[in-house]
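Dear colleague,

Please find the structure we discussed handed over below. I would be grateful if you could keep it open while reading the notes that come after it.

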Amino acid sequence: MELSLDDAIRLSLSHNIDLRIQRLTEDRARRDRLVADAAFDPLFRTSYTLSRFRQPSVSFLDFGSNISTIAVNAFASDRWDMGVSGLLETGTQYSLVAGGSRNDNPDSSIFSLNPRFSSSVELQLTQPLLRGFGDDSVLADVRVTARNAEISKLELHRRIEDTLIAVANSYWDLLFTRKDLEVKLQALVEANELLDINRRKLQVGSGTEFDVIDAEANIETQRAGIIDAQNALENAQDSLLDQINAPKFRRGGVENSLFLDVEIVPVTVPDLEDINLSLERSVDLALEQRIEIQQQVLTIQNSEDIFQRTADDALPRLDLTGSWTNSGLEDGFGGSWEELGSGTYYDWSLGIVLEVPIGNRAAKERRSQARIDRSSARLDLQRTINTVVLGVTQAVRDVRSAQQRVQTTRAAVRLRTEQLDGEKRRLSVGLSTSYQVLQVQNDLLEAQTSEVESIVFLLKAMTEYRRQTGDVLESLGIEIE
């Protein structure tokens, strides 16, 4: 099965287990933000109460002047109410309730209205003036959870980068092991050709039996190398398929089953054009794009909000309270509501509540802890920046070194190839020996292996450079919504 690097990346984005786990984590953090926002959702409440009782009474208020009689005091009551309450972003707590009741004392002589119907509308407000005043305190949790959701989203981006880097490196490893196997198979072909030459020379008396033995021993050595290369190829293929984790590569499509007995052929041709990197530009790019720095900035902002909230918690409580009630009373529900609308009967109040914690040690210590956390977050940012700069510096250096290594190994392969051709011609005219040709063949095999290694090293160095500069997704043409 042919597989391009783009296909491997696309499949891994859909099936990689680490990414699936991180997506769930990011979704959970996003819902934490919704939970914090829900603190400002109004609460609707309604109730209905039905009461009945009947009891003896000796009070003259219940039966008049006949005090020798034990009266029966019966009472019936129906009460309902509904309203909303909640919290505003200014810290204001509010409650608005409308209600009504029907009361009936049929055996009592003291009520002018029997039954009587009452209705009321009541508004209550509590406004903090010190502790809990304003959005610095009230919205702190909302802002923190919102940033935590953003941090989790950035973490998902970072996990995607790490996954794509792992897939790309595994892809290049598979490409290297295939090329390495091809080189060793070609070396075996040349070793067999040399064995044929030595056998013919032995038959005509111009060669020795030792030359044939040396050639045969070299073939066995080449075969042992091929076995190792084949094993490395299969391991590299399994590693890549495990990173991708696509059901199409597993038996029966079940993700926890064995891989298919299939050969994966990487078809992406690596781009080895000259790469000119500027260290200063690379550092600026990394400081602008690295996810770790963005996460640390959000963490600092969270620590600032938490510090401000602890400062608010250390303040005394000074609340302004107020209430207003409008009520009506009549012999019917309609009349009671009409009277309520007239504003004849009302009740209002205004007050101040002051609470001063003596000592207030817990709040002071929490503020000290928040100050420490804020300082620690700022130091973590500086440490992250230093780590990023160091990583970019080393990545640029590794890319430059890898470029030089590719040039050197390519030159070595070219020279070793010319040397082998020359030794073969010298051997054909008796100016060289089979042993010398074997040595040059092995030198060429080593040079070819080194060239393939250097190419893969350069590809991985570029991948690491993109990771250090935060340019992985853009370089692969991937956008995350």
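The notes below describe the helices, the salt bridges, a charged patch and some backbone details.

Please bear in mind that this is a predicted model, in which local features need pLDDT of at least 70 and side-chain atom pairs count only at pLDDT 80 or more, while totals for chains, interfaces and linings use all residues. Residues are numbered from 1 along each chain as its sequence is written, and side-chain values use heavy atoms, with hydrogens and water left out.

Helices

Helices (H or I, at least four residues) and strands (E, at least two) are DSSP runs, numbered from the N terminus. The expected span of a helix is 1.5 Å times one less than its number of residues. For α5, with 65 residues, that rule gives 96 Å, and the end C-alpha atoms are 95 Å apart, which agrees. Gly-205 comes just after α5 and takes a positive phi of about 85 degrees. Helix α10 has 68 residues and reaches 97 Å from its first C-alpha to its last, close to the 100 Å expected. Gly-430, which follows α10, likewise has a positive phi, near 80 degrees.

Within α5 lies Leu-195, a buried residue with a relative accessible area of 5%. Here and below, buried means under 20% relative accessible area, exposed means over 50%, and partly exposed is in between (1.4 Å probe, protein chains only). Leu-195 and Tyr-94 are 101 residues apart along the chain, and their C-alpha atoms are separated by 98 Å. A second pair is Ala-36 and Asp-347: these are 311 residues apart along the chain, with 36 Å between their C-alpha atoms. Ala-36 belongs to helix α2 (residues 17-37) and is buried, at 14% relative accessible area.

Salt bridges

A salt bridge is counted when a side-chain nitrogen of Lys or Arg lies within 4 Å of a carboxyl oxygen of Asp or Glu. How many salt bridges does a search of the whole structure find? The search finds 29. Three pairs and one network are described here.

The first pair to describe is Arg-178 with Glu-263, whose side chains meet at 2.6 Å, N to O. Arg-178 lies in helix α5 (residues 140-204) and Glu-263 in the loop between α6 and β6, so this salt bridge ties together parts that are 85 residues apart in sequence. Arg-178 is buried at 16% relative accessibility, whereas Glu-263 is partly exposed at 45%.

Next, Arg-374 and Glu-304 form a salt bridge of 3.4 Å, N to O. Because Arg-374 is in helix α10 and Glu-304 in helix α8 (residues 291-313), the pair ties together parts that are 70 residues apart in sequence. Arg-374 counts as buried, with 15% relative accessibility, and Glu-304 as partly exposed, with 24%.

The pair of Arg-426 and Glu-423 has its closest N and O atoms 3.9 Å apart. Both residues are in helix α10, and being 3 residues apart they are separated by about one helical turn. Arg-426 is partly exposed, at 38% relative accessible area, while Glu-423 is buried, at 13%. In addition, Glu-155, Arg-158, Arg-159 and Asp-162 are joined into one network by salt bridges that share partners.

A negative patch

Which residues form the negative surface patch? They are Asp-37, Asp-41, Glu-89, Asp-135 and Asp-136. Patches are made of residues with over 30% relative accessible area and no salt bridge, with like charges joined within 9 Å and nonpolar side chains (Val, Leu, Ile, Met, Phe, Trp, Tyr) within 5 Å. Asp and Glu count as negative and Lys and Arg as positive, while His and the chain ends are not counted. Asp-135 is found in helix α4 (residues 135-138) and is partly exposed, with a relative accessible area of 39%.

Backbone details

Most residues other than glycine have a negative phi. Asn-245, although not a glycine, has a positive phi of about 60 degrees. Asn-245 sits in the loop between α6 (209-244) and β6 (265-266) and is buried, at 4% relative accessible area. Asn-360 also has a positive phi, near 55 degrees. The place of Asn-360 is the loop between β8 (345-355) and α10 (361-428), and at 16% relative accessibility Asn-360 counts as buried.

With kind regards

Key: Areas by Shrake-Rupley, 256 points an atom, 1.4 Å probe, with all protein chains shown as cover. Charge placed at Lys NZ, Arg CZ, Asp CG, Glu CD.
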